[in-house]
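Please open the model in your viewer and keep the sequence panel beside it, with both chains displayed as cartoon. The stops below are meant to be taken in order, each beginning with a selection.

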Amino acid sequence: MSERVMGVLDALTRVEGVRGAMVVDAEAGVPVASQVSTGVQETALAAMSGALFSRTTDASGSAGLGRLDVLQLEAAGGHVVMAGAGPLLVVALTESEARLGLVRIRVERAAGELSE
Amino acid sequence: MTERDLQRWSREVAEDPGAPSFVRLARAYRREGRRSAARDVVLAGLERNPEHVDAHGLLALIHVEEGERQQARDEWETVLRLDPGNFGASRGLGFLALERGDLTAARRHLDAAARVRPDDAAVVQASRVLERREKAGAGGATAEAPGPAPAAGPAEETAASTPAGRDPARLFAPLAGEAPFLGALVLDSQGLVLAGGLKAGEEQGELLGALLNAAVAEAVRTARMLGLGGWRGLLLETAQAVVHVTALERGSVVVVAERDAPAGWVVRTAGRAASLARSFFEEGP
C-alpha cells in the first residue's frame, strides 16, 4: 500500500504547476503520506481538505446530486484539487497558473489507483 | 479509520451482523460509494438492534442518496421517536418537508434542529428560505392571485421589485439550449436564489443554494487558512452532475451540468453565466 501511495504522489507532483500532493485520511483529516514543497502547511492542508470534502459531500448528498467524486477549490493564490478514494482523499495543491483540467484528471486517476 | 479497522469491522460483522461495529462498517461503505453494501449491513444490524438511533439515521441518509424520500422520512421519524432531540433527524426532516412544500412540518423540524445547533449553516439557510416562503404564503392569501409561476420564489420577488420587469428566472435562457446544461442560479451571499433556475425545479434550486452556501463558507475558510487568498470558485463532480460555483462581488453564480459535460464547456459556460449574473447585479433583471 505505501509503495502504491508513494507512486501516486510521485506521479502527481511531476505534473507542472503542482506544489504538493498528499493522501489524507478523509475522516480524521490527517496526512497518510505527502510530498509537498517547502512552505506548504501539510497538516493544515490535510485538515482543511478533509473538512471541505466532508462538508461538500454532505451538501451533494442532501441536494440529490449523489456521491462527490472530485472537488476543486479555485483561489487567487492557487488551487486545491481533491478526489475521494474510499476512506482516503487524494489532494493536490497547485500554483494559480496550473492547468487545472490536467491536474484534475491526474488526481482522479490517482484516486482510482488507490481505490483498486 | 485504517484498512485494518475496515477489515476488523468486516470480520466482526460477518460473524455477527449485530456486532457493535456494524454502523461503522456501513458508514465506511457509504463513504466509499458502496451504498448497496452499506444498506445491507445497516439493515442486517437493525434486525438485531431495532432501536439503534445512529443506524436509523445512517439508513435515512442512504435513502436520501438513492432518492427514496419517503423511506428516508420514515427512518428519521423513527430516530425522533427514539431520540426526540436528535439534530440530524430534525434537520433531515426539515429539508424534506421544505422540499415537498410542507411549510408547517418544515418549521417544526427546522426550529427543533436550530435549538440544538443554532449556528448550523444549512439549517440557518433553510430557515431563511422557509421564512420567505411563509411570508409569501401569508401575502398570497390576501393579494391578487399571481398565477402559476415556473420561477423560483426569490426570483419572483426580485422581479416584482424591479422596474424593468424582465423575468429573473429566465436570466440564463441563452444557455438553456445547450445539451449538458441543467440550469444556473444567482445566489446572494446567504445562499438565497436571486435569479435563474434548475430544470429539476424551484425546490431543488433553493435547496441546492442553501446547501452550497455551507460548502462555500468552508471553501472560503480553507482558502484563507491555506494562504491562498480569496476564493474564486468551486467545481464539484458528483455521481449525478457537474456543479461549478463562481464567486462574484455580491454573491455567486452556480452552473449545473450533466455529469459527462466536457470540462472545457463547463468552464466556458461558467464564464458566460458569470457575465450574465454580473449584468443582473449591475443593471437589474
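What follows is a walk through a predicted model, from its sheet to one side chain and then to the contact between the chains.

**The sheet**

Begin by selecting the strands of both chains, which form an open sheet of 10 strands with antiparallel pairing, in the order β2(A)-β1(A)-β5(A)-β4(A)-β3(A)-β3(B)-β4(B)-β5(B)-β1(B)-β2(B). At its edges stand β2 of chain A (30-36) and β2 of chain B (193-198), each with a single partner strand, so one side of each is left without a neighbour in the sheet. Looking along the sheet, you can follow a twist that averages 10° from one strand to the next.

**Strand β5 of chain A and its neighbours**

Next select residues 88-94 of chain A, which make up strand β5, and colour them by accessibility: 7 of its 7 residues are buried. Which residues lie on each face of β5(A)? On one side are L88(A), V90(A), A92(A) and T94(A), on the other L89(A), V91(A) and L93(A), and both faces are covered.

Add strand β1 of chain A (residues 18-25), which runs antiparallel to β5(A) and is joined to it by 7 bridges; in this pairing V23(A) has V90(A) as its bridge partner. Then add strand β4 of chain A (residues 78-85), likewise antiparallel to β5(A) and joined to it by 7 bridges, where M82(A) is partnered by V91(A). If you trace the chain from β4(A) into β5(A), you pass through a hairpin with 2 residues between the strands, and G86(A) in the turn has a positive phi of about 65°.

Continue to strand β3 of chain A (residues 68-75), which pairs with β4(A) in the antiparallel sense over 6 bridges, with L73(A) standing opposite V80(A).

**Helices on the sheet**

Now show helix α3 of chain A (residues 100-115), which lies across β1, β3, β4 and β5 of chain A together with β3 of chain B (231-238), and which runs at about 25° to β4(A). Helix α10 of chain B (residues 202-225) also packs on the sheet, touching β3 of chain A together with β1, β2, β3, β4 and β5 of chain B, and its direction makes about 125° with that of β3(B).

**A histidine in β4**

Select H79(A), which lies in strand β4 of chain A, and display its side chain. Is H79(A) buried or exposed? With a relative accessible area of 7%, H79(A) is buried, because the cut-off for that class is under 20%. Its side chain reaches the backbone nitrogen of A75(A) at 3.3 Å. Among the residues that H79(A) touches, not counting those up to four places away in sequence, are L73(A), E74(A), A92(A), T94(A) and L100(A).

**Between the chains**

Finally, select the contact between the chains, which takes 37 residues from chain A and 39 residues from chain B. The two chains bury about 3600 Å² between them, 61% of it on carbon and sulfur atoms. Highlight M48(A), L65(A) and E74(A), which supply 18% of the area that chain A buries against chain B, more than any other three residues.

For the polar part, the interface holds 2 salt bridges; one to display is that between the side chains of D69(A) and R259(B), at 3.4 Å from N to O. There are also 14 residue pairs in polar contact across the interface, both residues being at pLDDT 80 or more. On the side of chain A that touches chain B, β1, α2 (42-62), β3, β4 and α3 each supply at least two residues, and α2(A) gives the most, with 11 residues.

Terms used:
Residues numbered from 1 in each chain as written. Chains lettered and ligands numbered in written order. Predicted model: local features only at pLDDT ≥ 70, side-chain atom pairs only at ≥ 80, totals over all residues. Heavy atoms only, no water. Buried < 20%, exposed > 50% of the residue type's maximum accessible area, 1.4 Å probe, protein only. Helix = DSSP H or I, 4+ residues; strand = E, 2+ residues; numbered from the N terminus. Pairing = 2+ DSSP bridges. Axes fitted to C-alpha atoms, helices over the stretch in contact; angles between N-to-C directions. Contact = heavy atoms within 4.5 Å. Polar contact = N/O pair within 3.5 Å; in protein donor to acceptor, adjacent residues only side chain to side chain. Buried area = accessible area lost by both parts, 1.4 Å probe. Salt bridge = Lys/Arg side-chain N within 4 Å of Asp/Glu carboxyl O.
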